[in-house]
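Welcome! Take a moment to turn the model around before reading on, and then let us walk through it together.

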Amino acid sequence: EGGREEQACGGSEAEDFPESSELEDDTEGLSTRLSGTLSFTSHEEEEEEEEEDGAGGEPGEPPQPTGAAAGAEDGGRCWGRYVGGAGRAPSPRRAGRHPSPGAEWGPAAERPGSSLLTRQLQELWRKSRGSLAPQRLLFEVTSASVVSERSSKYVLYTIYLIRSGRFDKAPATIARRYSDFERLNRRLRCRFGCDMAGVAFPRKRLRRNFTAETIAKRSRAFEQFLSHLHSIAEIRRSPEFLEFFFLQDLRAAQRLTCTGMYREALATWANAYRLQDRLGVCSSGRFLLTLAGLAVCHQELDELGEAHGCCEQALQLLEAQGSHPLLGPFLQAHVHLAWKVGKDKRRSEARLQDLREAGPPLQQQPTLKECLIKEPLE
């Protein structure tokens, strides 16, 4: 990546995208970040070395989430619900709050004879709930850390995906470096040239890449960059945009599952589940693979109730499909788990019988775990 830079004279900065420029400075917003909203784990104030991603360095894998799986809210796209442990809460400055319907409003509620006013306010509040603006997806850089490797040094940005007006007990998170954002920007500009014409991207720098001021400015720029991309329907649904968020987690979770590290894999599958839920892609093949990963890891960890719930959600998604490579494995796993936890398995057994009559013997089909391990994630 460093080899592609254009060396500027007199210490000026390199411009890879003439149509893109650093976003306008926001003195107030910058001071807020530097006063504690954004945390830095490096003690270095300034580093005047190579470009922050280093020459020829490949992007590293993000650190694995440490929390367990968490419940993803049903945003109208998901079937069922996956429930697990809790994670970190997002910053309160982005988490929306609504008053309780039963709460009495204002000082007038404390005075005698104010019950009519209170009821009117409560009724107005209840009616307004149905007319609120649609929820937006917010992108918040919550931390940034300077990472040193053998041949390069770079900044790793941790980003929360938060639904506006809702508090997520376990928000979906990603950790990306500048080169990851730059690669996404290049791919989208190649495919969506007209739509990307008005999207700003923070330019490269030859110096001062690791100062708190530069990191804070880039953090705000990346938030606005992702928000702008998400606001464009064609880009929001594109594979390039979606895979930027969850493909790394899927690859890491598959690798951990193959090596038998089920607890670590479970946390990574769960974060991939939350990411796809926030992005509204809960009916894709990747989402079914994520449910398979969750079911396998829960079963290997003897958490049979959670594994059964994942299979049920997958079968609901597959309800309208006559055939799918994962249908047989999910049905077999569901029958086995339903017998273990004492749940009704007659419907799954009937669907299995239909598959036997319509296709090859089920004994020749791979198990859910075998499907998960063999699935290529390009």
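The paragraphs below go from the whole chain to its strands, its core, its helices and two loop residues.

Please keep in mind that this is a predicted model. The chain has 378 residues, and 47% of them are buried. Its secondary structure consists of 12 helices and four strands. If you look at contacts between residues at least 6 apart in sequence, 70% of them join residues at least 24 apart. On the outside, the chain exposes about 19,100 Å², with carbon and sulfur atoms supplying 50% of that area.

Let us begin with the strands. Find strand 2, residues 137–148, and follow the chain onward: a hairpin of four residues leads from strand 2 to strand 3. These two strands run antiparallel and are joined by 11 bridges. Strand 3 also pairs with strand 4, residues 172–177, again in the antiparallel sense, this time over six bridges. A handy landmark here is leucine 161 in strand 3, which stands opposite phenylalanine 139. Toward strand 4, the bridge partner of leucine 161 is alanine 172. How many of the 11 residues of strand 3 are buried? The count is 10, so strand 3, spanning residues 153–163, is mostly covered. As a general point, side chains in a regular strand alternate between the two faces of the sheet.

Now move to the nonpolar interior. The largest nonpolar core contains 76 residues, and those with the most contacts inside it are Phe225, Leu226, Leu229, Phe245, Leu279 and Phe330. This core draws at least three residues from each of domain 1 (135–237) and domain 2 (239–377). Phenylalanine 225 is a good place to zoom in: leaving aside residues up to four places away in sequence, phenylalanine 225 touches Phe181, Leu184, Asn185, Met196, Val199, Ala200 and Phe201.

Next come two helices. Helix 7 covers residues 262–279, and its 18 residues reach 25 Å from the first C-alpha to the last, close to the 26 Å expected at 1.5 Å a residue. Of those 18 residues, 16 are buried, which leaves helix 7 mostly covered. Just after helix 7 comes glycine 280, with a positive phi of about 75°.

Helix 9 has 14 residues, which should span 20 Å at 1.5 Å a residue, and its end C-alpha atoms are indeed 20 Å apart. Which residues of helix 9 are buried? They are Leu304, Ala307, His308, Cys310, Cys311, Gln313, Ala314, Leu315 and Leu317. Their cover includes helix 7, helix 8, helix 10 (327–341) and helix 11 (346–358).

Finally, visit two residues with notable backbone angles. Most residues other than glycine have a negative phi. Arginine 208 is not a glycine, yet its phi is positive, at about 55°. You will find arginine 208 in the loop between helix 3 (178–191) and helix 4 (212–230). Aspartate 302 also has a positive phi, near 60°, in a residue other than glycine. Its place is the loop between helix 8 (285–300) and helix 9 (304–317).

How do these two residues sit relative to the surface? Arginine 208 counts as partly exposed because its relative accessibility is 37%, a value between the limits of 20% and 50%. Aspartate 302 counts as exposed because its relative accessibility is 61%, and exposed means over 50%.

Definitions and conventions:
Residues are numbered from 1 along each chain as its sequence is written. This is a predicted model: local features need pLDDT of at least 70, side-chain atom pairs count only at pLDDT 80 or more; totals for chains, interfaces and linings use all residues. Side-chain values use heavy atoms; hydrogens and water are left out. Buried means under 20% relative accessible area, exposed over 50%, partly exposed in between (1.4 Å probe, protein chains only). Contact means heavy atoms within 4.5 Å. Accessible areas come from the Shrake-Rupley method with a 1.4 Å probe; for residues, only the protein chains shown count as cover. Two strands pair if DSSP finds at least two bridges between them. The expected span of a helix is 1.5 Å times one less than its number of residues. A nonpolar core is a set of buried Ala, Val, Leu, Ile, Met, Phe, Trp, Tyr and Cys residues joined through side-chain atoms within 4.5 Å. Domain bounds come from an automatic or database domain assignment.
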